Amino acid sequence: MTVDSDGLSLRESAGKLVASAGLSHGGLFDEPAFMPLFMHAAAYRFGVAVEMVIEAIGEALSEGHNEVNLDHFAEAYFLRADCDEEMNPFISDHWRGIDTTIVLDRHKVEKKEPRKRSKRK
């Protein structure tokens, strides 16, 4: 995904998901800086971006809010990546320097560690 080729499609898709949940995005998706940040946070993967929108919606609903905001996306990213704030693009001022592919796929790397074979008793 790139901002130029897919930004509009992602904005429309995210907007429809938010609206179908009965919420507003309060203009967040229309902010020029949001789509580049959002795409980077999703590691430029459309499916991951959709999952983050759904999780952000869940966060907003669980807090009783009628609008999805940046904090909800930060929480959605945290839940997915289980990372510190400095590795969360929605929180860090230096989000462009975060390799979100590594952060989001960290669980795959950790699972590749050789497991000890269990012994029969």
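Helix α1 covers residues 3-20 of this predicted model. With 18 residues at 1.5 Å each, α1 should span 26 Å, and its end C-alpha atoms lie 24 Å apart, which agrees. Follow the helix along and you will meet its buried residues: Gly7, Leu10, Ala14, Gly15 and Val18. Looking down the axis of α1, these buried residues fall within an arc of 130°, so they line one face of the helix. An α-helix has 3.6 residues a turn, so residues three or four places apart point the same way. On the other side of α1 you will find Lys16 and Ser20, which are exposed. The cover over the buried residues of α1 includes α2 (34-41) and α3 (46-62). Just past the end of α1, Gly22 adopts a positive phi of about 80°.

Now let us move along the chain to helix α4, residues 70-81. Its 12 residues should span 16 Å at 1.5 Å a residue, and the end C-alpha atoms are indeed 16 Å apart. At the start of α4, a side-chain oxygen of Asn69 comes to within 2.9 Å of the backbone nitrogen of Asp71. The buried residues here are His72, Phe73, Ala74, Ala76, Tyr77 and Ala81. Just after α4 comes Asp82, with a positive phi of about 50°.

Our last stop is Val103, which belongs to helix α5 (residues 100-104). Val103 counts as buried because its relative accessibility is 7%, under the 20% cut-off. Leaving aside residues up to four places away in sequence, Val103 touches Tyr77, Ala81, Cys83, Met87 and Ile98. Tyr77 and Ala81 are among the buried residues of α4. Val103 and Arg80 are 23 residues apart in sequence, with their C-alpha atoms 9.4 Å apart in space.

Notes:
Residues are numbered from 1 along each chain as its sequence is written. This is a predicted model: local features need pLDDT of at least 70, side-chain atom pairs count only at pLDDT 80 or more; totals for chains, interfaces and linings use all residues. Side-chain values use heavy atoms; hydrogens and water are left out. Helices (H or I, at least four residues) and strands (E, at least two) are DSSP runs, numbered from the N terminus. The expected span of a helix is 1.5 Å times one less than its number of residues. Buried means under 20% relative accessible area, exposed over 50%, partly exposed in between (1.4 Å probe, protein chains only). A polar contact is a pair of N or O atoms within 3.5 Å; within protein, one must be able to donate a hydrogen and the other to accept it, and residues adjacent in sequence count only if both atoms are side-chain atoms. Contact means heavy atoms within 4.5 Å. The arc is that of the directions from the helix axis to the C-beta atoms.
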